[in-house]
Amino acid sequence: MARIVTTFPLPDAALELLHPIGAVAGPEGWRDALADAEALLCLLTDRVDAELLGRAPRLRIVANAVVGYEHVDRDACRARGITVTNTPDVLTDATADLAMALILAAARGLPRAERSLRAGEFHGWGFWDYLGAELGGRTLGIFGMGRIGRAVARRAAPFGMRVIYHSRARLPAEDEAAVGAEWVDFGGLMARSDVLSLHAPLTPATRHVIDAAALRRMRPGAFLVNTARGPLVDEAALVDALRDGPLAGAGLDVYEHEPRIHPGLLELPNVVLLPHIGSATRETRTRMAVLAARNVHAVLTGQPPLTPVP
Ligand code: DGY
C-alpha cells in the first residue's frame, strides 16, 4: 500500500478516494512521514522546496490543494520526475463572488458604516450620511483574464459596469464578446479603471506590477481590489495612494507578507481587510481537497493527473 501524506485534515470524501489505494498519514507529524511517502497533499502555506523534497525520496506527486503554486519549486520537482497538480475551476465561483463582495463593500464603505453603528454613532437616518460610490456606469478593470477574471467580468455586467481588461494573452474575440470585456494595454487599464480587480498569478513578471508608478496613473477616487496574491501590489505604495490619493478605497483578501498586514493598512478607514478567504466555502474547500485526492489517485494508479501544472 502506498503511503500518502497530507499537511491538512482531509474531508471524508477525499479520504474515501484515498483509502483503497494507500495509508494516509498526517497532518500530525507529516514531515517525518515523508520518508516513505509516494504522494503529498499540501497547501499554499507549505513551502515545497528542494530541502523538503530531499526528505521524500519515493515521492511521485505533489498534489497542491489550492490553485496557486508559487510555493512549489517546480524545477526541483521536474528534476526528480515528480508530478505537480493544482485545483483550477473548482474555486472560480467562490473567489469571483468574494471579489464582487469586496468591490461592493469598498465602494459603499460597508466596514466603516458597520464600525460606526457598533460604536453607537447611528442616531437615525441621515440624508448625507454614509455615502458611497455606485457601480452602475463605472468601469471595472480586470488585471488577469483567466477563469476567475472572466467570472468577475460576468458578475459585474448585471451591476451596469463596463468591463475592460489587461492580460498576458488577449482573449479570442468570441470570448471577449461572451464576457463583454474590452482589451486595453496596461497603461489604459490603470488610467480608465474606476475599480481595478486583480486576478493574475504571482510570477516574477507580476510581482509588484501595481507599484507606486502604476498607482499614480489611476483615476482619482478609484478602488483597488485584490483577491489574487498580495505581492502583486507594493503595499507601502498602496498605503500612500490610499492616504494621499488617487485611491478612494481598497478591498483586500491577500497581503504582500501574509499573514503580516502592513500597519498602514490597519489604520486606514477606507480599506476592507479579509483574511484570505476567497475560496473559503465548505463546498469549495471540499471540492479542492477532493480534486487533490483525485490527482493522487490517478498518479498512484498509473493514470495521467487530472490537473497538472505546467
Ligand atoms: C488558491 O487556491 O491559490 C487560493 O489563494 C486559496 O484558495
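**Close-up 1. Leu-131, an exposed residue in a loop of this predicted model.** Let's start with Leu-131, which counts as exposed because its relative accessibility is 58%, above the 50% cut-off. To find Leu-131, look in the loop that runs between α6 (110–118) and β6 (139–143). Leu-131 also has partners: together with Trp-125, Phe-127 and Trp-128, Leu-131 makes a nonpolar surface patch of about 650 Å².

**Close-up 2. The residues around the ligand.** Now turn to the ligand and meet its neighbours: Leu-44, Val-66, Val-67, Gly-68, Leu-91, Arg-229, His-276, Ser-279 and Met-288. Sorted by class, this shell has five nonpolar residues, three polar ones and one charged one.

**Close-up 3. Polar atoms beside ligand oxygens.** Which residue places an N or O atom of its side chain 2.5 Å from an oxygen atom of the ligand? That residue is Ser-279. Arg-229 also uses its side chain, with a polar atom 2.7 Å from a ligand oxygen. Gly-68 contributes through its backbone instead: a polar atom there is 2.9 Å from an oxygen atom of the ligand. On its own, the ligand has 230 Å² of accessible area, and the protein covers 91% of that.

**Close-up 4. Thr-6, a buried residue in a strand.** Is Thr-6 buried or exposed? Thr-6 is buried, because its relative accessible area is 2%, under the 20% cut-off. You will find Thr-6 in strand β1, which spans residues 2–6. From there, the side chain of Thr-6 reaches the backbone oxygen of Phe-8 at a distance of 2.7 Å.

Notes:
Residues numbered from 1 in each chain as written. Predicted model: local features only at pLDDT ≥ 70, side-chain atom pairs only at ≥ 80, totals over all residues. Heavy atoms only, no water. Patch = residues over 30% accessible without salt bridge, like charges linked within 9 Å, V, L, I, M, F, W, Y side chains within 5 Å. Areas by Shrake-Rupley, 256 points an atom, 1.4 Å probe, with all protein chains shown as cover. Salt bridge = Lys/Arg side-chain N within 4 Å of Asp/Glu carboxyl O. Helix = DSSP H or I, 4+ residues; strand = E, 2+ residues; numbered from the N terminus. Buried < 20%, exposed > 50% of the residue type's maximum accessible area, 1.4 Å probe, protein only. Near = heavy atom within 4 Å. Polar contact = N/O pair within 3.5 Å; in protein donor to acceptor, adjacent residues only side chain to side chain. Nonpolar A, V, L, I, M, F, W, Y, C, P; charged D, E, K, R; others polar.
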